[in-house]
Amino acid sequence: MASPFRPSQPAPSAPGGCGGDGCASGRDAWPLLHFRHEGVFCLLCSSCVLLYNPAAFCTACLHLLSTSDAAASAPPGDPAVAPPGPAAPCSICGLSVAHLSCVPGDPASFVCPPCAAAKENRAFSFTPVNPGGPGAPRALDQRDARVLLVAARIAHDSVSRAAAAARQEAERRVAEAAAARKRSREMLDAAFRALEAEAREAKMRPVPAPQPPKKKPPPKSTEANRDKDRVLKLNAMQQPALAFAAAAAAAAAATSMPLPTPPPPPREDRRPVKQEPQGEIFGTL
């Protein structure tokens, strides 16, 4: 049968008090212990720590069972740990246990104190409310001291196991970070070596000659420009023929035209020159 007590986070309605679900120890419960249950850290009173671990102690004599985790981490001869012996489970919840030597009557009909209080519809606490009221002095008897000691052992074991798990997780993450850092360094070194090899190959590789620019294909003529292109092509084909015909006509005209005859030279006056005698010339001088 399921236990009537369930672990929970600290109650928001009671800041600074016990975070146990249905705690009956009162607002002035002391001391409050750090406890980790199912991955949740709680601040609980001694009674709630015991109620959240019903199989770790004897509900009759309030000693830790030798088979519990808290007893395994306790030092030898710890007064909070009971000697090994058989135990009987609760006939209602099946979670709380008690030594056979501590159970009066038939062990098969054993009912733990929390279940007995639940049958009577009353709240139960291993550390009941101070009858003198909040802040009033309270006597600490042997039973209350044993409750405080057993609860402290259980809370210490819970926090110690949480610290060990956190330490293992931190070491695992540190190892993963170191491995990732090593892999990143190796990848960076490989990348630098590849870049250096590529740079050396680029220096040794001959520089290719520049290629001439590619000619752009002529734009496709539309239907309106096709007639114009056809006329231009026809004119281009007719220009050599026209030039050849003009040259032939010029040559024919040159051969059929008579050459001009030069004019006759002017006639010279062939009149006889009258010569005078030399003697007369000198005589006159």
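These are my notebook entries on a predicted model of one protein, covering its overall make-up, its helix H4 and a few single residues.

**Ground rules.** I number residues from 1 along each chain as its sequence is written. Since I am working from a predicted model, I accept local features at pLDDT of at least 70 and side-chain atom pairs at pLDDT 80 or more, while totals for chains, interfaces and linings use all residues, and side-chain values use heavy atoms, with hydrogens and water left out.

**Entry 1, overall make-up.** I looked up the secondary structure, taking helices (H or I, at least four residues) and strands (E, at least two) as DSSP runs numbered from the N terminus. I find 6 helices and 4 strands, in the order β-β-α-α-β-β-α-α-α-α from the N terminus on. For burial I use relative accessible area, with buried under 20%, exposed over 50% and partly exposed in between (1.4 Å probe, protein chains only); on that scale 24% of the 285 residues count as buried. The accessible area, from the Shrake-Rupley method with a 1.4 Å probe and, for residues, only the protein chains shown as cover, comes to about 21400 Å², of which carbon and sulfur atoms supply 61%. Taking contact to mean heavy atoms within 4.5 Å, I note that 52% of the contacts between residues at least 6 apart in sequence join residues at least 24 apart.

**Entry 2, helix H4.** I checked the length of H4, which runs over residues 142-204, against the expected span, defined as 1.5 Å times one less than the number of residues. Its 63 residues should span 93 Å, and the end C-alpha atoms are 93 Å apart, so the two agree. The buried residues of H4 are Asp 144, Val 147, Val 150, Ala 151, Ile 154, Ala 155, Asp 157, Ser 158 and Ala 162. Their cover includes strand S1 (32-37), strand S2 (40-45), helix H1 (46-51) and helix H2 (69-72).

**Entry 3, salt bridges.** I count a salt bridge where a side-chain nitrogen of Lys or Arg is within 4 Å of a carboxyl oxygen of Asp or Glu, and by this rule there are 6. One of them joins the side chains of Arg 161 and Asp 157, at 2.9 Å from N to O; both residues lie in H4, 4 residues apart, about one turn of the helix. Asp 157 is buried, because its relative accessible area is 7%, whereas Arg 161 is partly exposed at 46%. Leaving out residues up to four places away in sequence, I see Asp 157 touching Asp 69, Ala 70 and Ser 73.

Further along H4, Glu 169 pairs with Arg 173 at 3.0 Å between the closest N and O atoms, and Glu 176 pairs with Arg 172 at 2.6 Å. Glu 169, Arg 172, Arg 173 and Glu 176 are linked in a network of salt bridges. Arg 173 is exposed at 55%, while Glu 169 is partly exposed at 28%, as are Glu 176 at 43% and Arg 172 at 39%.

**Entry 4, a nonpolar patch.** For patches I take residues with over 30% relative accessible area and no salt bridge, joining like charges within 9 Å and nonpolar side chains (Val, Leu, Ile, Met, Phe, Trp, Tyr) within 5 Å. Leu 188, Phe 192 and Leu 195 make a nonpolar surface patch of about 330 Å², and Leu 188 is found in helix H4.

**Entry 5, Ser 125.** Ser 125 lies in the loop between helix H3 (113-119) and H4, and counts as buried because its relative accessibility is 10%. For polar contacts I require a pair of N or O atoms within 3.5 Å; within protein, one must be able to donate a hydrogen and the other to accept it, and residues adjacent in sequence count only if both atoms are side-chain atoms. The side chain of Ser 125 makes such a contact with the side chain of Ser 47 at 3.2 Å, and reaches the backbone oxygen of Thr 127 at 3.0 Å. Beyond neighbours within four places in sequence, Ser 125 is in contact with Ala 24, Ser 25 and Ser 47.

**Entry 6, positive phi.** Leu 62, in the loop between H1 and H2, has a phi near 60 degrees, a positive value in a residue other than glycine. Asn 121, in the loop between H3 and H4, also has a positive phi, of about 55 degrees. Leu 62 is buried at 4%, whereas Asn 121 is exposed at 74%.
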